[in-house]
Amino acid sequence: TADDPVTTDDYVNNGQQALASSLDPRLITLTLGRQNSTIVDHVKDCLQDVKDHQFIQANTCALTVLTDSSAWDKLGQNLSTILQQYKVQQDGTPKLIIAVTGYFNPYPAATDVITKIFDLCSDLVDTIPTCIARWILLPPALVTLDQVVQKLNSTISAVVAQFTEATQGRFVFVNPYDAFKDHCTKMDVSIKTSVYHPTNDPDEHDSEKDLGCSSP
C-alpha cells in the first residue's frame, strides 16, 4: 500500500491504515515522519539551500526543523495513535508483526566534505580565499542536518519502544541510519571562474570535485 509523500495524518485519513485490516497481513512495515509538516523541510527547503550554496541559510533551516518541538510532539502523538490501532488489530491476529522503520541521512558526512574543500578551491588559483570562506560553512550545516535525522529516528524509536514492551516484541524498530553511514553519497560541485588581469588575457580557472563520496 506504499504511497509517497505521506504524512502521519494522510496515513490515517486517506485509508492506508484501514487497508491493513481488510488485507489481513502477517507483516506490516511502516515508514512515516519525514514528510510531516516542518520535518519535511529537512529534505526540501534545506536541501535547496545546499544546492544554491547558501550554507548559512541551510544551517538556519535545519535548526528550525530541529527545534520545532510542536512538530516532533505531533509526530510522536500521531505515531502512537497509529500503533495503538495496530495493537488492537494484533489482538485478533496474534502472529501480526509491525516493523516501524527509521531513516538514513541523505546528505554526505561533514567529515567527508571538510577534507575536500581545499582541493576544490585550490584549482581556482585567483579566488582560493573567497572559495574557502564560502565552502567552509557547509560542514556545520551538514552536522545540523544529520542531527535532524537522528532526532527523527529517536522520536520514532521512543514511541515504538513502548509498544514493543507491551506486545512482547511484536513491534520492532528498524533503523537504517548506521547501516547507511558508510554508503557513498555524492555531491558533485563544479565552479567556473574567469579573472581578468590588466594587459593580459583573462585567466580561466575551473574546478570539479565530488565533495561527498568517500568510497573508492
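This report walks through a predicted model, taking its helices, disulfides, largest pocket and backbone details in turn.

## Helix H4 and its buried side

Let's start with H4, a helix that runs over residues 55-66. H4 has twelve residues, and from its first C-alpha to its last it reaches 16 Å. That is close to the 16 Å you'd expect at 1.5 Å a residue.

Which residues of H4 are buried? They are Phe55, Ala58, Asn59, Cys61, Ala62, Val65 and Leu66. These residues cover an arc of only 160° around the axis, so they sit on the same side of H4. As for what covers them, the list includes helix H3 (45-51), helix H5 (69-92), helix H8 (128-135) and helix H9 (138-166). Keep Cys61 in mind, since that residue comes back in the next section.

## Two disulfides

A disulfide is a covalent bond between the sulfur atoms of two cysteines. How many disulfides does the structure hold? There are two.

One disulfide joins Cys46 to Cys61, with an S to S distance of 2.1 Å. This pair links distant parts of the chain: Cys46 is in helix H3 and Cys61 is in helix H4, 15 residues apart. The torsion about their S-S bond is about -85°, which means the disulfide is left-handed. Are the two cysteines buried or exposed? Cys46 is buried, with a relative accessible area of 0%. Cys61 has 13% relative accessibility, and since the cut-off for buried is under 20%, Cys61 counts as buried too.

The other disulfide is formed by Cys121 and Cys131, whose sulfur atoms are 2.0 Å apart. Cys121 lies in helix H7 (residues 117-122) and Cys131 in helix H8, so this pair ties together parts that are ten residues apart in sequence. Here the torsion about the S-S bond is about -70°, so this disulfide is left-handed as well. Both ends are tucked away: Cys121 counts as buried at 0% relative accessibility, and Cys131 is buried with a relative accessible area of 6%.

## Gln90 and the residues around it

Now look for Gln90, which has its place in helix H5. Gln90 is buried, with a relative accessible area of 1%. What does Gln90 touch, once you leave out residues up to four places away in sequence? The answer is Leu96, Ile97, Ile98, Thr167, Arg170 and Phe171.

Take Thr167 from that list of contacts. Gln90 and Thr167 are 77 residues apart in sequence, but their C-alpha atoms are 8.9 Å apart in space.

## Helix H9 and what comes after

Helix H9 has 29 residues, and at 1.5 Å a residue these should span 42 Å. The end C-alpha atoms of H9 are 43 Å apart, which agrees with that expected span. H9 also turned up earlier, as one of the elements covering the buried residues of H4.

What happens just after H9? There you'll find Gln168, which takes a positive phi of about 55°.

## The largest pocket

The largest pocket holds about 460 Å³ of space. It is lined by 22 residues, and the closest to its centre are Ala2, Tyr11, Gln16, Thr29 and Thr31. Which elements give two or more residues to the lining? They are helix H2 (16-23) and strand S1 (27-30).

## Backbone details to look for

A few more spots in the backbone deserve a look. Between Asp4 and Pro5 there is a cis peptide bond, with omega at about -5°. Pro5 lies in the segment before helix H1 (8-13).

Asp24 is found in the loop between H2 and S1. Its phi is near 50°, a positive value in a residue other than glycine. Is Asp24 buried or partly exposed? At 43% relative accessibility, Asp24 counts as partly exposed.

Val125 has its place in the loop between H7 and H8, the helices that hold Cys121 and Cys131. Val125 isn't a glycine either, although it has a positive phi of about 60°. With 46% relative accessibility, Val125 counts as partly exposed.

Methods. Residues numbered from 1 in each chain as written. Predicted model: local features only at pLDDT ≥ 70, side-chain atom pairs only at ≥ 80, totals over all residues. Heavy atoms only, no water. Helix = DSSP H or I, 4+ residues; strand = E, 2+ residues; numbered from the N terminus. Expected span 1.5 Å × (residues − 1). Buried < 20%, exposed > 50% of the residue type's maximum accessible area, 1.4 Å probe, protein only. Arc of directions from axis to C-beta. Contact = heavy atoms within 4.5 Å. Disulfide = S-S within 2.5 Å. 1 Å grid on protein atoms, 1.4 Å probe; cavity = no way out; pocket = protein on both sides within 12 Å on 5 of 7 lines; lining within 4 Å. Points joined across faces, edges and corners; volume = space filled by probe spheres on them.
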